[in-house]
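Please open the structure in a viewer and keep the selection tool at hand. The stops below are to be visited in order.

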Amino acid sequence: MMKSYLIALTMLLFSSLSLALVDGHEYPFDNQRDKDRFAQLAEELRCPKCQNQNLADSNAPIAKDLRNKVYEQIQAGQSDEEIVQYLVDRYGDFVRYKPAFKSYTLVLWLSPVVLFVIAIIVFVRLGRKKEKAAPLTEEELKKLAALKQQASDK
Amino acid sequence: MNRLVLFVPVLIFLALGILFFAGIGRENKEVLPSPLINKPFPNFILTQVEEGSKQLTQQDLIGKPMLVNVWATWCPTCKAEHEFLNTLAADGIRIVGINYKDDDAAAMQWLQDYGNPYEFNISDPDGMLGLELGVYGAPETFLVDGEGIIRAKHVGDLNPRVWEKYQPQFALMRAAASRPEESISDKGSE
Amino acid sequence: MAAEYGQIALLIALAFAAVQSVLPLYGAQTGRVWLMQYARPMALGHALFLTLSFIALVYCFVTDDFSVAYVANNSNSLLPTQFKVSAVWGAHEGSLLLWVLMLGLWGAAVALFSRSLPMDMVARVISILGMVGVGFILFTLLTSNPFERLLPSSPTDGTDLNPLLQDFGLIVHPPTLYMGYVGFSVAFAFALAALLGGRLDAAWARWSRPWTTTAWVFLTIGIALGSWWAYYELGWGGWWFWDPVENASLMPWLVGTALMHSLAVTEKRGLFKSWTVLLAIFTFSLSLLGAFLVRSGVLTSVHSFASDPERGLFILALLGITVGGSLTVYAFKAPTVSAMSSFRLLSREGFLLANNLLLILIAFVVFFGTLYPLVHEVLDLPKLSVGAPFFNTFFIPLSSMLVAIVGVGAMSRWKMMPGKLLLGQLGGALVLAILAAIAFPLLYNGEMNWSVALAVLIAVWLVATTCRDVWNKCRGDLTRIPSLGKSYLGMIIAHIGVAVSAVGIAVVSHFSIEKAIKMSPGESAQLGEYHFYFKESGLKQGPNYTAHVGLFEVSKDGEVVDTMLAEKRKYTVKGSMMTEAAIDAGLFRDLYISLGEQLADGAWAVRLQVKAYVRWIWLGAILMSVGGLLAILDKRYRQRRKEKQEARA
C-alpha cells in the first residue's frame, strides 16, 4: 500500500501538469507529448452511444473501450490521423467532432472564411460609397459662396 | 438597394423549411449507419463459447449466408428478441452469435434456459471483435452473405416488423449462395 | 377540477388572443380608433387567463394530482415541494405553457408601459404579439396539452422528475431563458408594426430599445445560469458543450446583441434602418428556431424534449407562418432608399457596423455547424458530427476581433473619429495591455501561453480604453461619474463584463488542471498547489435518494482549505444514478471533486480538478446584465411620458 503510494507520488512529482483527462491510474505515458495527444483525441472523438459527449467525459462502457483503443494505438506508435481513421473505419464519420476535410465538408469549413471576406468587402464598400455620396453640385456651391458672402458682409 | 435583394432572406428561409420538413420525417435518427457495409467480415481469432478450447476465425463464418447476432446475458433487449431468433433458427436461418463482454459459463446457462438459435457462439469477453464491427450497444445483428461480406447491419432488437425489412435481402443472399456453379465460374478463369 | 379550470382558462386566453390579433391591427390599417382601443384590454385579458391557467397547473403539481398525465410523468409524492413547482416546466407540455404565459405577460407589459406611443403603433404591436400567442396556444391545446387526464385508472404515484432536474438550476434557468427568448417577440412586433405602418424612423428605434435590452438581459442571465448549472450538475466540470440546444440559445443572443447595437445607430443617426428591422425579425426567428429544434426531435441532444413528428410539423408550420410571413412583409415593405447621412469607416458607426458584421458571422458559424449534420442526413450523405473543434476554430478568432474593437468603438465619435486623436488617447492603453498579456501567463505558470496572452491582451485593452473614455468624459474628475448617465454607465459596465468573461474563458481552458485516479479512503493526491486527502466514505439518506458519499479534506501549504463532500446518488423512484460533485468556489479557482465508478475494496475512481478563473465567465455575464439593466433605467426612456404630460397640461 505504502509502496504504491510512494511510487504514485513520485510519478506525480515528475509528471508535468496537463490540461485534460488522463487517468493517471490506467493510462500511464512516458512522455508529455503522448499524454497531450491522448487528451486531445479523447476530446475530439465522440462517444458513439451517448447523446452528445466526447470520449473524455463519457462514462459509457463503449467510451471506455474506445479510450483504451486510442491509448493502445498511441503506444503502438500510430499517428493522430491513423488513430482517428481507425475509429472512423469502424464507426463512421460520426465519431469525429472535427469534421474531416472531405469534398462534402468543404462547404462547412470554407463558408465562414468566404463570408468573412464578403463581410470585409461590404464593410469597406459601405464606407467608401457613403463618402462619395452627395458632393455639392455647381448650383449648391454658388449658393454656398453667396451665403458665405452674406455672412462676412454682416 | 435593389428590391430583389430583400427577398433573399425569405428564399433562404424557404430552403431551411424544406430541410426541416425532410428532417422531421426521418426514421431512426439515433442509429449510426455502419461503414462496414459491403466490406468483408473483420479478421479475428477467438475461442468458441460452447467449447473453450476451440479456436474460431472469420473463415469459420464463410459458406452459408447468416445473421451474426451480438448479444449478452446482461442485456435485457437481447432477452426480448431471443424468442424471435429462436423462430428464425427454426425456419432454417443460420444464426451465429457473438457473446459480447460476457462470461462463457453464464452464456451457456442462459442458452439452456431460453433456447439456442445459434449454430455456434464466438466468445468476445473484451469486446474487441465488437469494436472491429463498430458495435456500440447490444443487441446488434449483421447480415453476412455466403462469402463473408457484411451486407447490412441492424441496431436494436430483431422482431417481425424489423425482419420484414431485411427478409427480402436475406432471401436473395440465400438464393445467390445456393447456386454454387455461378459463383465458382465468377471466380474462374474467364 | 383544477386541471379543467386550467384548460378552460387556456381556451379563454385563446379567445382574447384571437380578438387581440385581429381587431387592433384592422383598426390601425383603417384608422378606426375604437377598434384600436381593443388592444390593451385584450392583451391584459390574454395575460390574465394564461396566468390563471398556469396557476392551475402548479396547483395540480403541488397537490399531487396524479390523474393529470403530465403530473404523473414528471412528479412524485416524495419530491420536495420546490421541485414540484419547478417540475411544472420540467418537460415539454408544461414548459410550453410557461413559454405561452410569458408571451402573454410581455404583451400585457407592452399594453401597460407604452402609453406615450402613438396609438396605431401600439395597436399593431399588440396585434402581432396576439397572433404569435394564438399560434402557440393552439399548439399547446392541440398537440401538447398539459391538462390531459389519465382516466379511468390514474396511478397512485408519479414516475418522478428526472434527477438531473431536481435542482435549483431548474427553478431559475428555464424561466429566465424563456423571458429572454419570448421577450424578443416585442422587438419583432415593433419591427413588423413599423413596416406595416410604413413608419421606419428613428422614433421606432427609440421605442424598441428598452424592450430589446430587457429581453437581452434576461437571455444573458438565462444562458449564464444554464452554463453554471451544467457545470456543477453534470459532474465533469464543463461549462459549454456546443450542444445543439445550447447553440439554439446562443444564436438569438448573438443576433440580439447585434440588434441592440444596431438600434443605437438607427436611433441616433437614422442609419441601418432596413438592416435593424431585419435583425429584429431574425432574433425572434432564432428564438422560434430554438424552440423548434428542441421540441421536434430533429436534432439529438442531451437537452431535447421527447420528440413527436406531429408536434414537429406543427411548430414547423408556426415557424413558417411567423418567420416566412414576417420576412415576406419585409421584402415588400422595407425601404430601398438608403439614408443620406454618411460616415467614415473610422467612426462610431463604422465600429458598430463591424460589431454587427462580426456578431452575425459568429451566429452564422454556430447556425451552420449546428444544422450541418441534419443536411447530411437529409441528403443521404454520411452521418457526421460537428462539435467543439469546428466551433472553436472560428469562434475564438472572430470573438477576439470583436472584443478588440469594443473599447475603441465605444469611445469613437459619430460620423468621423480622427485617427490621430485615437492613437494619442490609446497609446498608453496599448502598452498596458501588452505588458499585462506577457506578464500574466509568466507570473501564473512560469511559462508563456499565447492563447491566454491574447485573451489578456484584448481584455486589458478593452478595459483600459473604456476607462480612458470614462476619464475623458469626467474631464479628470471622478466624482462626475454618476452624472454621466445610466445609459452610458450601463454600457461601460456591460463592456467590462465582456472583458471579464473573455479572460475567464481563456484561463479556465488553458490553466486548469485535472487528474482522474483511483483512490481509497486514507489516500491522498496532489494537484498543483492543492493536496486532496480522501478522509472517509459512507452512505447518506436524502428525501428521495440514497447516496454513497466521499469526504475529502483539501489543504494548501499544509493548511486545510476546505472539507468537501462528493456524492453518488441513487434516486429511489427511477433508480437512476447521479453524480453530485463537490465544489469549493473561489474567485480565482474552483476546487472540483467528482466520484466516478465504485471499484473493488472500497476504492473509487475519483476525478479531481482545479478550475482556474471559472467564476469569471459568469461574473462577466452578471456585469453585462447589470449594465443592460442600468441602461434601461435611463431617464431618456421616460422622458416621452413627461413630455406628453406637460403637453396635456
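The tour begins with one chain, passes to a contact between chains, and ends with a sheet and a helix.

**First stop: chain A**

The model is predicted, and it is advisable to colour chain A by pLDDT before anything else. The mean pLDDT of this chain is 78, with 75% of its residues at 70 or more. Which elements of chain A have the lowest and the highest mean pLDDT? Select residues 2-14, helix α1 of chain A, for the lowest mean, 39; then select residues 80-91, helix α4 of chain A, for the highest, 94. Next, widen the first selection to residues 1-22 of chain A, where the pLDDT is below 50. Beyond near neighbours in sequence, this stretch has 26 contacts in the model. Where pLDDT is low, predicted coordinates should not be read in detail.

Now display chain A as a cartoon. Its secondary structure consists of six helices and zero strands, so that the order from the N terminus reads α-α-α-α-α-α. Of the 154 residues in chain A, 29% are buried. Among its contacts between residues at least 6 apart in sequence, 33% join residues at least 24 apart.

**Second stop: chains A and B**

Select chain B together with chain A and look for the place where they touch. How many residues does each chain bring to the contact? Chain B supplies ten residues and chain A supplies ten residues. On the side of chain B that touches chain A, five residues are nonpolar, four are polar and one is charged.

**Third stop: the sheet of chain C**

Turn to chain C and select strands β1, β9, β8 and β7, which form an open sheet in the order β1-β9-β8-β7 with antiparallel pairing. At the edges stand β1 (513-519) and β7 (582-584) of chain C; each has a single partner strand, so one side of each is left without a neighbour in the sheet. Neighbouring strands of this sheet are turned against each other by 15° on average, direction ignored.

Select β1 of chain C together with residues 604-612, strand β9 of chain C. These two strands pair in the antiparallel sense over seven bridges. To see one residue pair, pick C:Ala516, whose bridge partner in β9 of chain C is C:Arg607.

**Last stop: helix α18 of chain C**

Finally, select residues 614-632 of chain C, the 19 residues of helix α18. From first C-alpha to last, helix α18 of chain C reaches 29 Å, close to the 27 Å expected at 1.5 Å a residue. Is this helix enclosed or open to the outside? In α18 of chain C, 15 of the 19 residues are buried, so the helix is largely enclosed by the rest of the structure.

Definitions and conventions: Residues numbered from 1 in each chain as written. Chains lettered and ligands numbered in written order. Predicted model: local features only at pLDDT ≥ 70, side-chain atom pairs only at ≥ 80, totals over all residues. Helix = DSSP H or I, 4+ residues; strand = E, 2+ residues; numbered from the N terminus. Expected span 1.5 Å × (residues − 1). Buried ≥ 20, exposed ≤ 12 C-beta atoms within 10 Å, placed from the backbone. Contact = placed C-beta atoms within 7 Å. Nonpolar A, V, L, I, M, F, W, Y, C, P; charged D, E, K, R; others polar. Pairing = 2+ DSSP bridges. Axes fitted to C-alpha atoms, helices over the stretch in contact; angles between N-to-C directions. pLDDT = per-residue confidence, 0-100.
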